[in-house]
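This report describes one chain and its bound ligand. The sequence and structure come first, followed by notes on selected residues, a helix and the ligand site.

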Amino acid sequence: MVSPFVYQSHPARVVFGPGSLGTLAEEIGRLGAQRAFVLSTPDQAGVASDLVARLGDLACGSFTGARMHTPVDVTLAAMADVTAAGADCLVAVGGGSTIGLAKAIALRTDLPQIAIPTTYAGSEATAIIGQTEDGIKTTQTSLRVLPEVILYDVDLTSSLPVAISVVSALNAIAHSVEGLYSQQANPVISLMAQEGIRALAAALPRLVRDPHDLAARSDALYGAWLCGTTLGAVGMALHHKLCHTLGGTFDLPHAQTHAVILPHALAYNASYAPDAIARIEAALGRRDAPLALHNLAQALGAPVSLKELGMPRDGLDRVVELTLAKPYWNPAPLEARRLKALLERAWEGLPPAAD
Ligand code: NAD
């Protein structure tokens, strides 16, 4: 029997396929815009300048200083350039950092956005924006920040180094894992979440063997879209809370921290989320979903311990404290003893266990 549910969808226009960058001018026109402002990180300044050249008169400028965690001073600097250029739409080419900058500008200006993701983080499909000011990261949800168009061009993802591709994909899988046992889980999003895990898990070993395998890259990007949509549609739980705490308080790297924590958070919740476990096992084609995710991460060469990410062992108690102080809803009750055991195992890089 189908359990009662609420399903809320976000408006989305998704253009997916190799070479789809070729439709950018048309997509700008569809928005009724004529002056596009291009955003990127310093690493991807070359991609941004190619886009500006490709757009010709449709481009009015660029800002290539996007940074992780959307610092407000960077947003204000970019906004000054956007305003001076008289932009009427934003084009963000890059990962979650660049897309976060476009969202932060859209929050303040309501300019329409075209997101061109080049990682698997999934921010393009959510109405969530995290911003950092004076070392404090705050998150809010607003439809103003949801990109109007997502343009997925697999050709742009081939340059993503294998190690980053792997952790970025595990970050995406984490969205779907938590989406499956979310408090707002619903049948439509669960279909997307399961398919997202399947597509990414199947693509990853091929992508590690050959980072330029376009079929594998396409499958991974498709999975990333489904996982990002899941993140945008339903609430997250313990795994995301732990990762936000570890990232925010101990400055651990975003995607790598997700890769390490995921099997352990799933083991913590497993006996409270049997339907999610069954779907994840079906998606992976393996029994024992937490161990299967741990083995997958290990086989792909992803980090498996907090220790190797630079987490001080004596900080684990603080993580437990912060997790309990402002908890997210979670299927399994949050207990200090179990949380500490989870973190100890993750710190050591041991296989996941329920207790
Ligand atoms: P990122 O955007 O910081 O990218 C990492 C580095 O890789 C950057 O230097 C970037 O320029 C480079 N890069 C990206 N794509 C590349 C490519 N194809 N080839 C070569 N280099 C490439 O990393 P991320 O993991 O995508 O994003 C992390 C940020 O996104 C965090 O701040 C996180 O909080 C945020 N995020 C937000 C949401 C949301 O819904 N608001 C969701 C997921 C992540």
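Beyond its neighbours within four places in sequence, L21 is in contact (heavy atoms within 4.5 Å) with L51, R54, I116, L151, D153 and L156. L21 sits in the loop between β1 (13–16) and α1 (24–30); helices (H or I, at least four residues) and strands (E, at least two) are DSSP runs, numbered from the N terminus. L21 counts as buried because its relative accessibility is 10%, where buried means under 20% relative accessible area, exposed over 50%, and partly exposed in between (1.4 Å probe, protein chains only). Its C-alpha atom is separated by 34 Å from that of R279, 258 residues apart along the chain.

The model is predicted: local features need pLDDT of at least 70, side-chain atom pairs count only at pLDDT 80 or more, and totals for chains, interfaces and linings use all residues. Residues are numbered from 1 along each chain as its sequence is written, and side-chain values use heavy atoms, with hydrogens and water left out.

Helix α8 (residues 238–250) has 13 residues, so at 1.5 Å a residue it should span 18 Å; its end C-alpha atoms are 17 Å apart, which agrees. The expected span is 1.5 Å times one less than the number of residues. Buried residues of α8 include L238, L242, C243 and L246. The buried residues of this helix pack against α5 (162–180), α7 (214–233), α9 (254–269), α12 (316–325) and α13 (336–348). After α8 comes D251, with a positive phi near 60°.

Two further residues with positive phi lie in loops. H69, not a glycine, has a phi of about 70° and lies between β3 (59–63) and α3 (72–85). H69 is partly exposed because its relative accessible area is 25%. D288 has a phi near 50° and lies between α10 (274–284) and α11 (289–299); at 40% relative accessibility, D288 counts as partly exposed.

The ligand is surrounded by 22 residues (a heavy atom within 4 Å), and the closest are T41, S97, T118, T119 and T126. Helix α4 (residues 96–109) gives the most to this shell, with 3 residues. Polar contacts are pairs of N or O atoms within 3.5 Å; within protein, one must be able to donate a hydrogen and the other to accept it, and residues adjacent in sequence count only if both atoms are side-chain atoms.

| Ligand atom | Protein partner | Distance |
|---|---|---|
| oxygen | T41, side-chain N or O | 2.5 Å |
| oxygen | H69, polar backbone atom | 3.1 Å |
| nitrogen | L160, polar backbone atom | 3.3 Å |

The protein covers 85% of the 860 Å² of accessible area that the ligand has on its own, by the Shrake-Rupley method with a 1.4 Å probe; for residues, only the protein chains shown count as cover.
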